[in-house]
Amino acid sequence: MIDSKRLRGDLLDLQQQLATRGYTLDMEFWQTIETERKSLQMQTEALQSRRNAGAKEVGALKKSGGDASELMSEMQGISSEIKVAEDNLRSLQERINTAAMQIPNIPASDVPVGESEDDNVEVRQWGTPRQFDFDIQDHTFIGETLGMLDFEAAIKLTGSRFNVLKGQLAQMHRALIQFMLNTHTIKYGYTETYVPYIVNSESLRGTGQLPKFEDDLFKLTNHTNNEDTDFYLIPTAEVPMTNLVRGERLDISELPLKFTAHTPCFRSEAGSHGRDTRGLIRQHQFEKVEMVNIATADQSDDLLEAMTGQAEYILQQLNLPYRTVMLCTGDMGFSAQKTYDIEVWLPSQDTYREISSCSNCGDFQARRMGTRVKDGKQTSLAHTLNGSGLAVGRTLLAIMENYQNADGSITIPEVLRPYMGGVDTISA
C-alpha cells in the first residue's frame with residue numbers, strides 16, 4: 001500500500017506516476033473523500049474539545065456548589081455525537097483503506113517507462129545457445145517419449161494443467177530442489193524455512209494478492225468448524241515467508257533477514273487459457289524455491305542486485321544460457337517498485353522465457369503488514385524483497401531441451417549428478 005500522505009497531497013504527480021503502470025487514479029474520488037475525511041475529523045475534534053471544556057466547567061460548578069445537571073446533560077449529548085462522528089470516521093477510513101489497497105506500487109525512478117514486455121530493457125546475457133545437429137524436440141515430446149512425463153495420468157487424477165513425473169525425471173526434479181536450497185543456504189546464508197501451503201486472507205492482503213487478485217487464487221471451503229476465516233492455497237512461498245514478520249518491530253541490527261523455502265505453488269492462471277497450456281510452462285501446481293529478504297530502506301537496492309545474482313548463479317552452475325531484463329513500468333507486478341526477470345533459453349521456442357522474477361517492493365508490503373524497523377528511538381517501515389531461485393519445473397524443462405540428445409536421452413548437468421547417484425544420462 002502506498003503512503004496515505006501521497007493520496008492527500010499532489011495527486012497530479014501521483015496520477016502521472018501510476019499512469020506509467022497502466023493504472024488510472026480516480027482524482028475526483030480521492031479529492032472528494034479527502035474533503036469528507038477532513039470535515040469529519042474537524043467535527044470530531046471540535047466535539048471532543050467541547051466535551052473537554054465542558055468537563056472542566058462541570059468540575060468548577062460542583063466545586064463552587066452550583067447546579068451542574070443541565071451542563072452534564074449537554075455533555076452526555078455531546079458524547080453521543082462524538083460516538084456517531086467517530087463511527088462515521090472509522091467507516092470512512094475503512095473505505096479509504098479498501099480503495100488504497102487497489103492501487104499498485106509506485107515505480108522506482110530508474111525503471112524504464114513502457115506498456116508491455118516489449119518495452120523491457122535487457123541488462124545482460126550469459127552463455128551461448130547450443131547449436132544442434134539434429135531436429136530439436138520440445139520438453140513435452142522428450143518427456144513423453146521417455147515415458148517419464150505423463151499428462152494423461154494427471155488429467156485422470158485431477159484435470160488439465162497438471163502433470164505426473166516418473167523415474168529419473170522425478171529424481172532430477174528433486175535434485176534441482178536440493179541443489180537450489182543448498183546453494184542459497186550454504187553459499188548465500190539464507191535461513192531455510194518450512195512454511196504452510198495454506199494461508200489466511202490476512203497474509204495475502206499483506207503481500208498484495210488480496211483483494212485485487214482473488215480470481216488468481218485457489219480458495220478453500222472449510223467445513224471442519226465454524227471459524228469465519230478464509231483460507232487459500234499459496235500462489236508462492238513469498239506469501240508465508242514475508243508474513244513471518246507481519247506486525248513485528250524488528251531491530252535494525254537483525255537486518256537483513258534472509259529466508260528461503262521450497263514449496264508447491266498453486267495458481268488458477270485466470271485469463272491465460274490457450275497460452276502455454278501445453279507442457280510444463282504454465283501449470284496450476286508447480287514447485288519453486290523462493291528467496292525473501294526483509295531489510296532497511298538503505299539496504300534494499302543492493303539486496304535486489306545481490307538476489308538477482310544469486311538466482312543467476314543457479315543457471316550458471318547448470319550451464320543454461322539466459323538473459324536478465326529490467327521490467328518496464330507496465331509489465332511489473334502489483335507490489336513491485338523494481339523488478340528483474342531472468343529468462344532462460346529454450347531451444348524448441350528459439351527464444352528466452354522467464355524462469356525467475358526478483359523484485360524490490362520497497363515499503364509497500366510492510367505498510368500493509370505493519371512491519372517496522374527500530375533504530376534506537378526511531379522507527380521506520382521495513383523494505384521487502386522476493387525472488388525465485390528458481391522455478392523448478394521451468395528449470396527442469398530447460399535442462400530437458402538444452403541437454404537433449406539425438407537418441408532421445410538427456411545428459412544430466414554435472415552439478416546435479418551427485419544428487420542422482422552419479423549417473424550422467426536419463427534414458428528410456
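Visitor: What share of the contacts in the protein chain with a separation of 6 or more comes from residues 24 or more positions apart?
Guide: Keep in mind that we're looking at a predicted model. The count takes in contacts in the protein chain with a separation of 6 or more. Among those, the share from residues 24 or more positions apart is 73%.

Visitor: How many helices and strands are there in the protein chain?
Guide: The C-alpha atoms fill a box of roughly 105 × 50 × 45 Å along the principal axes. Of the 428 residues, 49% count as buried. As for secondary structure, the chain has eleven helices and 18 strands.

Visitor: How much of the area the protein chain exposes is supplied by carbon and sulfur atoms?
Guide: Start with the total, which is about 20,700 Å². The part of that supplied by carbon and sulfur atoms is 46%.

Visitor: How far apart do the centres of the positive and negative side chains lie?
Guide: On the charge tally, there are 42 positive side chains and 60 negative ones. Take the centre of each set, and the distance between the two comes to 6 Å.

Visitor: Which kind of pair do the rings of F213 and F334 make?
Guide: The structure holds nine aromatic pairs, and F213 with F334 is one of them. Their ring centres are 5.3 Å apart. The planes sit at 80°, and over 60 degrees counts as edge-to-face, so this pair is edge-to-face.

Visitor: How many residues apart are F213 and F334?
Guide: F213 is in the loop between helix 7 (201-207) and strand 6 (219-220). F334 is in the loop between strand 11 (322-326) and strand 12 (338-346). The pair therefore links distant parts of the chain, with a separation in residues of 121.

Visitor: Is F213 buried, partly exposed or exposed?
Guide: Its partner F334 is buried, with a relative accessible area of 10%. F213 has 28% relative accessibility. Buried means under 20% and exposed means over 50%, so F213 counts as partly exposed.

Visitor: Which residue forms one aromatic cluster with F213 and F334?
Guide: We've already met F213 and F334 as an edge-to-face pair. The cluster they belong to has one further name on its list, F364.

Visitor: What is the angle between the ring planes of W345 and Y352?
Guide: W345 is buried, and so is Y352. Their rings are 5.0 Å apart, centre to centre, in an edge-to-face pair. The angle between the planes is 70°.

Visitor: Which ring has the charged end of K258 over it?
Guide: There's a case to look at alongside: K187 lies over the face of Y313, at 4.8 Å from the ring centre. The charged end of K258 is 4.8 Å from the centre of its ring. That ring belongs to Y190.

Visitor: How far apart in space are H184 and M291, C-alpha to C-alpha?
Guide: H184 sits in helix 6 (residues 167-187), and its relative accessible area of 0% means that it counts as buried. Beyond its neighbours within four places in sequence, its contacts include Y190, T260, M291 and G389. H184 and M291 are 107 residues apart in sequence. In space, the distance is 8.2 Å.

Visitor: Is H284 buried or exposed?
Guide: H284 lies in the loop between strand 9 (257-266) and strand 10 (285-295). Past the neighbours within four places in sequence, its contacts include R161, F218 and C265. The relative accessibility is 13%, so H284 counts as buried.

Visitor: What is the phi of R161 near?
Guide: R161 is in the loop between helix 5 (151-157) and strand 3 (164-165). At 9% relative accessibility, R161 counts as buried. Most residues other than glycine have a negative phi. R161 has a positive one, near 70°.

Visitor: Where is N319 found?
Guide: N319 is another residue other than glycine with a positive phi, near 55°. Its place is the loop between helix 9 (297-317) and strand 11.

Visitor: What is omega near for the peptide bond from G389 to L390?
Guide: Most peptide bonds are trans. The bond from L210 to P211 is cis, with omega near 5°, and P211 is in the loop between helix 7 and strand 6. L390 is in strand 16 (residues 383-391). The bond from G389 to L390 is cis, with omega near 20°.

Conventions
Residues are numbered from 1 along each chain as its sequence is written. Side-chain values use heavy atoms; hydrogens and water are left out. Helices (H or I, at least four residues) and strands (E, at least two) are DSSP runs, numbered from the N terminus. Buried means under 20% relative accessible area, exposed over 50%, partly exposed in between (1.4 Å probe, protein chains only). Contact means heavy atoms within 4.5 Å. Accessible areas come from the Shrake-Rupley method with a 1.4 Å probe; for residues, only the protein chains shown count as cover. Lys and Arg count as positive and Asp and Glu as negative; His and the chain ends are not counted. The place of a charge is taken as NZ of Lys, CZ of Arg, CG of Asp or CD of Glu. Rings of Phe, Tyr and Trp (its six-membered ring) pair if their centres lie within 6.5 Å; planes under 30 degrees apart count as stacked, over 60 as edge-to-face and the rest as tilted. A charge sits over a ring if NZ of Lys or CZ of Arg is within 6 Å of the ring centre and within 35 degrees of the ring normal.
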